[in-house]
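Hi everyone, thanks for coming. I'd like to walk you through one structure today, so please have a look at the screen.

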Amino acid sequence: MLLTDYQLLMNKKPPSLFNYCFETRFGEVSIVWLDAGTSSLVKRIFLSSENEFASSLAFAAFPEIPQGLNSQIKRLGGEITVMLAGGIPDFDISIIDLGECSTFQRKVLMEERKIPRGEVRNYGWLARSLGKPGAARAVGNALAANPFPLVIPCHRAVRSDGSIGGFQGGPAMKRALLEMEGISISPTGKVQIDMKDLSG
């Protein structure tokens, strides 16, 4: 990467991407982040699933990305670890980079973020809350491509019939997260809540 004349003049390093990979009770988590000198921006969070390690997903999306860590990213990793252990995290949303999300996806993610711990909403409810009735499928697609799982708690979105739906970390992890938050799941994999309560 070539330094711009301005960066040479100011004697500043160009922004650099790093990966911070760490272990949790659910396996690896990878945080891909941008070091811009005076600030850090999280570009992606990858979760491991039954089939893939988070580090493999990170390297596939960002080949040859080096390991790196600073205090902000270490704190985020700590809060993720707290959440995955059943605790209540205190996420700093200001370091999440939503710049590569579409306007619609940003709206979906911010609406999803409002769902309180221990509650769920279905995709249709989220679509209606955004003034887009009939856009449940688009909402589901936006959440499926959530670049920041856990920080944006897309595990709290379920299907209209109460089945838990998909999740980057896999269905077992999604079920465990919901159960840790007090949501009961039936043997058939549906949240045990009256979904009519979520029809408004």
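I'll start with the overall picture, then turn to the salt bridges, and finish with a pocket and one alanine.

First, please keep in mind that this is a predicted model. The mean pLDDT of the protein is 89, and 90% of its residues reach 70 or more. There is a stretch to treat separately, though: over residues 5-10 the pLDDT is below 50, and beyond near neighbours in sequence this stretch has five contacts in the model.

Now the layout. The protein has seven helices and five strands. If you trace the chain from the N terminus, the elements run α-β-β-β-α-α-α-β-α-α-β-α. Of the 200 residues, 46% count as buried. And if you take the contacts between residues at least 6 apart in sequence, 57% of them join residues at least 24 apart.

On to the charged side chains. As a reminder, side chains of opposite charge can pair when their charged atoms come close. How many salt bridges does the count come to here? The count comes to seven, and I've picked three to show you.

Let's begin with aspartate 97 and lysine 43, whose side chains meet in a salt bridge at 2.5 Å, N to O. Aspartate 97 sits in the loop between helix 3 (71-84) and helix 4 (103-113), while lysine 43 is in strand 3 (residues 40-47), so this pair ties together parts that are 54 residues apart in sequence. Are these two residues buried or exposed? Both aspartate 97 and lysine 43 are buried. There is a further partner here too: Lys43, Asp97 and Glu100 are linked in a network of salt bridges.

My second pair is arginine 75 and aspartate 90, with a salt bridge of 3.4 Å, N to O, between their side chains. This one also links distant parts of the chain: arginine 75 belongs to helix 3, aspartate 90 to the loop between helix 3 and helix 4, and they are 15 residues apart. Arginine 75 has a relative accessible area of 38%, so we call it partly exposed. Aspartate 90 is partly exposed as well, at 49% relative accessibility.

The third pair stays within a single helix. Glutamate 179 and arginine 175 form a salt bridge through their side chains, at 3.2 Å, N to O. Because they are four residues apart in helix 7 (residues 171-180), about one helical turn separates them. Glutamate 179 is partly exposed, with a relative accessible area of 39%, and arginine 175 is partly exposed at 27%.

Now for the pocket. The largest pocket holds about 250 Å³ of space. Which residues line the largest pocket? Among them are Met83, Ile88, Pro89, Phe91, Arg113, Arg117 and Glu181. You'll also find Asp90 in that lining, the aspartate we just saw paired with arginine 75. Sorted by type, the lining residues come out as seven nonpolar, no polar and five charged.

Last stop: alanine 138, which lies in helix 6 (residues 136-144). Its relative accessibility is 34%, so alanine 138 counts as partly exposed. From alanine 138 to valine 108 is 30 residues in sequence, and in space the two are 9.4 Å apart, C-alpha to C-alpha.

That's my tour, and I'm happy to take questions.

Key. Residues are numbered from 1 along each chain as its sequence is written. This is a predicted model: local features need pLDDT of at least 70, side-chain atom pairs count only at pLDDT 80 or more; totals for chains, interfaces and linings use all residues. Side-chain values use heavy atoms; hydrogens and water are left out. On a 1 Å grid over the protein atoms alone, a cavity is a set of points where a 1.4 Å probe fits but cannot get out, and a pocket is an open set with protein on both sides within 12 Å along at least five of seven lines; lining residues have an atom within 4 Å of a point. Grid points are joined across faces, edges and corners, and a volume is the space filled by probe spheres set on the points. Ala, Val, Leu, Ile, Met, Phe, Trp, Tyr, Cys and Pro count as nonpolar, Asp, Glu, Lys and Arg as charged, and the others, Gly among them, as polar. Helices (H or I, at least four residues) and strands (E, at least two) are DSSP runs, numbered from the N terminus. Buried means under 20% relative accessible area, exposed over 50%, partly exposed in between (1.4 Å probe, protein chains only). A salt bridge is a side-chain nitrogen of Lys or Arg within 4 Å of a carboxyl oxygen of Asp or Glu. pLDDT is the predictor's confidence in each residue, from 0 to 100. Contact means heavy atoms within 4.5 Å.
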